[in-house]
Amino acid sequence: MGFMRKFLAILLLCSCFSCGLFESKEAKTQKLVNKEMLTIDWNDVDNYPLFENCDESTSKTMQRQCFERELLNHFSATLQEFEFVIDPDTNTTVYVDFLIDQEGKITVVDIEKDKGIEKTMPDFDGIISQSLRNLPPLAPALKRGIPVRAKFRIPIVLSAN
């Protein structure tokens with residue numbers, strides 16, 4: 001009886017550990033890919049989101065500059081349509097946090113601004129959000145050639161004319 005119990009215990013133990021031996025090549029590959037995906041810093045993209053007039057073959061720094069320039073030009077054109085007076089004591093730098101998904105769609109995450117701007121322009125958040133929705137088509141950020149979601153923060157410095 002003792003031999004039979006030992007044999008069954010060894011058989012049971014072997015069957016528990018041998019699952020990996022019979023795993024398909026595809027399943028093993030997928031596990032490696034999943035493990036690799038976990039090690040990627042998705043916030044550090046290889047290619048910035050690009051507007052049509054930005055050159056994808058330039059360096060990452062140049063892509064970023066083009067991306068930010070286009071955004072700031074767009075915000076500037078939008079804000080020029082509104083008349084507002086800013087108190088001289090107001091911090092005129094506004095930070096806009098937004099997310100660009102894998103399809104290039106933009107969602108505003110947060111708008112950080114001085115309370116004086118809120119008093120002067122209570123619709124400021126709505127104006128900025130609408131401005132982002134009206135952007136020209138945007139190619140998403142890429143990480144290792146894969147379109148990825150990426151979060152960005154851009155400063156806007158307001159100036160009253």
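## A tour from strand β2 to the disulfide

In strand β3, Ile106 is the bridge partner of Ile100. Select these two residues to begin; the model you have open is a predicted one.

Now extend the selection to residues 93-100, strand β2, and residues 106-112, strand β3. The two strands pair in the antiparallel sense, with six bridges between them. They make a hairpin in which five residues lie between the strands. Pick Gly104 in the turn: its phi is positive, about 90°.

Go next to Tyr95. Which residue of β3 is its bridge partner? Select Glu112 to see the partner of Tyr95 in that strand. Then look toward β7, where Pro155 stands opposite Tyr95.

Add residues 150-157, strand β7, to the view. β2 and β7 run antiparallel and are joined by eight bridges. As general background, side chains in a regular strand alternate between the two faces of the sheet.

Select Val96 and show what surrounds it. Leaving aside residues up to four places away in sequence, Val96 touches Asp110 and Ile111, Ile128 and Leu132, and also Phe152, Arg153, Ile154 and Ile156.

Val96 also leads into the largest nonpolar core, which has 33 residues. Which members of this core touch the most other members? Select Phe67, Leu71, Val96, Phe98 and Phe124. At least two core residues come from each of β1 (50-51), α3 (60-79), β2, β3, α5 (124-133) and β7. Color α3 separately: with five residues, this helix gives the most to the core. In soluble globular proteins, nonpolar side chains tend to be buried together.

Stay with α3 and select Cys66, then add Cys54. These two cysteines form a disulfide, with their sulfur atoms 1.9 Å apart. The pair links distant parts of the chain, 12 residues apart: Cys54 sits in the loop between β1 and α3, and Cys66 in helix α3. How many disulfides does a search of the whole structure find? The search finds one.

Set a torsion about the S-S bond of Cys54 and Cys66; the value is about -85°, so the disulfide is left-handed.

Finally, show the surface around the two cysteines. Are they buried or exposed? Buried means under 20% relative accessible area. Cys54 has a relative accessible area of 8%, so it is buried. Cys66 has 7% and is therefore buried as well.

Definitions and conventions: Residues numbered from 1 in each chain as written. Predicted model: local features only at pLDDT ≥ 70, side-chain atom pairs only at ≥ 80, totals over all residues. Heavy atoms only, no water. Pairing = 2+ DSSP bridges. Helix = DSSP H or I, 4+ residues; strand = E, 2+ residues; numbered from the N terminus. Core = buried A, V, L, I, M, F, W, Y, C linked by side-chain atoms within 4.5 Å. Buried < 20%, exposed > 50% of the residue type's maximum accessible area, 1.4 Å probe, protein only. Contact = heavy atoms within 4.5 Å. Disulfide = S-S within 2.5 Å.
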